[in-house]
Amino acid sequence: MGARGTEGVRESDVVLQFAAQVRQALAAQGFQVIPTREANENPSFDDRSARANAQRGAVFITLHVASTGLAGTAHTYVMAETPATLDPSGLILWDQAQAPFLPLSRRLGDLVQAELAKRFKGSPDSVQPAPIRQLRTTAAPAIAVEISSVSVANRADLDRMIPGVADAIARGVAAI
Amino acid sequence: MYWGSPANDGTLEPVLVELPLSNDPTLRAKELLNTLLAGPVDPEARTLPPDAALLAFYILPDGTAVADFSEAFANSIPSGIESEQLAVDSIRRTLEANVPQVRRLRILIHGQEVETLAGHLDLTQAFQVSNATPTGKPARSGLSALTGPLKKAIDKARGSKKQ
């Protein structure tokens, strides 16, 4: 269920709180938000992707809180470039579902990260590529946003990041 | 060797370490990975968990290297995209700098393919190590110039192989 800090902070709990506020911020911009989990259930990577892939015109955002990293920073990631194989039927291979959407994912990632960098000193200015399992099977513009970290001494330091992260994501999505 | 940069959080920095290395690419890679696992002098620069072990390593004819680590490798890595990527990148870049025969890297955990390293990084695909054509450069050799604690750690890792 993800990272756990020395003060007992659990990634899964913090992410739910982040997600709730991100949901509000996106709804305020007029977007419909469909969460891939509501509580402590743990759907598989494929189940989450399937949920996203069933929507038309969606973007996919996966939220994480890291065990390490410079506290108070936020990073946005997109799937690292992988060679795409064309299926003769014209269908997108499940394992390479993200490949056709990479340019849009990068654009979304840069927009979101630019907003995060304004709010959280020490955060990078642009999106970074990484081979993230959840993104690979998602057939939509898809990013991962990771906040540092569960290892903070004071949980309130993480909680204070929530509004800024939510606002940054909403503005990035609205801009794309 | 590529370890974490204490000055620049979330990045790797190359550290020049003199090691006696085999000319055989498989043995050479094993020696390098065991050195990575033994860790740097500065524990803050460590990228791989100290309780992990390399169970097996081999290079397929197409240049794909397969590194099989103990379960501790996955269980003890701090969960998070950045820390998981640093771990894999430190292995990948160390191999790229020293074993030109390795073109791709697959990571197994206790002989099994797993979906992720610690919840985020995709281990079902091979990582690109080098785009270059293997040149078969001779291995560097030389006297060990390691500091005391690191040399002790490497000697301990090799202990089972001593005659």
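Chain B carries an open sheet of four strands in the order β3-β4-β5-β6, with mixed pairing (two strands pair if DSSP finds at least two bridges between them). At its edges stand β3 (54-59) and β6 of chain B, each with a single partner strand, so one side of each is left without a neighbour in the sheet. Helices (H or I, at least four residues) and strands (E, at least two) are DSSP runs, numbered from the N terminus.

This is a predicted model, in which local features need pLDDT of at least 70 and side-chain atom pairs count only at pLDDT 80 or more, while totals for chains, interfaces and linings use all residues. Residues are numbered from 1 along each chain as its sequence is written, with chains lettered from A and ligands numbered from 1 in the order in which they are written.

**Confidence**

- The model scores ipTM 0.88 and pTM 0.84.
- Chain A has a mean pLDDT of 89, with 93% of its residues at 70 or more; pLDDT is the predictor's confidence in each residue, from 0 to 100.
- Among the elements of chain A, the lowest mean pLDDT (87) belongs to α5(A) and the highest (97) to helix α3 (residues 102-119) of chain A.
- Chain B averages a pLDDT of 84, and 80% of the residues score at least 70.
- Within chain B, confidence is highest in β4(B), at 98, and lowest in helix α4 (residues 148-158) of chain B, at a mean of 46.
- Over residues 134-155 of chain B, pLDDT stays under 50, and the model has 34 contacts beyond four places in sequence for them. Where pLDDT is low, the predicted coordinates should not be read in detail.

**Chain B: overall fold**

- Chain B has four helices and six strands, and from the N terminus on its elements run β-β-α-β-β-α-α-β-β-α.
- Of the 163 residues in chain B, 39% are buried. A residue is buried if 20 or more other C-beta atoms lie within 10 Å of its own, exposed if 12 or fewer, and partly exposed in between, with C-beta atoms placed from the backbone.
- Among the contacts in chain B with a separation of 6 or more, 68% come from residues 24 or more positions apart; two residues are in contact if their C-beta atoms, placed from the backbone, lie within 7 Å.

**Chain B: strand β5 and its neighbours**

- Side chains alternate along strand β5 (residues 104-109) of chain B: Leu105(B), Ile107(B) and Ile109(B) point to one face and are buried, whereas Arg104(B), Arg106(B) and Leu108(B) point to the other and are not.
- Strand β4 (residues 64-69) of chain B runs parallel to β5(B), joined by six bridges; Thr64(B) has Arg104(B) as its bridge partner.
- With strand β6 (residues 127-128) of chain B, β5(B) pairs in the antiparallel sense over two bridges, and here Leu105(B) stands opposite Phe127(B).
- His110(B) lies in the loop between β5 and β6 of chain B. Its phi is near 50°, a positive value in a residue other than glycine, and His110(B) is partly exposed, with 13 other C-beta atoms within 10 Å.

**Chain A: helix α1 and a cis peptide**

- Helix α1 (residues 11-28) of chain A has 18 residues, which should span 26 Å at 1.5 Å a residue, and its end C-alpha atoms are indeed 26 Å apart. The expected span is 1.5 Å times one less than the number of residues.
- The buried residues of α1(A) are Glu11(A), Val14(A), Val15(A), Phe18(A), Ala19(A), Val22(A) and Ala25(A). They cover an arc of only 135° around the axis, which puts them on the same side of α1(A); the arc is that of the directions from the helix axis to the C-beta atoms.
- On the other side of α1(A), Ala27(A) and Ala28(A) are exposed.
- The cover over the buried residues of α1(A) includes β1, α5 (155-159) and α6 (162-175) of chain A.
- After α1(A) comes Gly30(A), with a positive phi near 95°.
- The peptide bond from Ser148(A) to Ser149(A) is cis, with omega near -15°, and Ser149(A) lies in the loop between β4 and α5 of chain A. Most residues other than glycine have a negative phi, and most peptide bonds are trans.

**Where the chains meet**

- Contacts link 20 residues of chain A with 16 residues of chain B.
- On the side of chain A that touches chain B, β1 (60-66), β2 (74-79), α4 (133-136) and β4 (142-148) of chain A each supply at least two residues.
- By class, that side of chain A has nine nonpolar, seven polar and four charged residues. Ala, Val, Leu, Ile, Met, Phe, Trp, Tyr, Cys and Pro count as nonpolar, Asp, Glu, Lys and Arg as charged, and the others, Gly among them, as polar.
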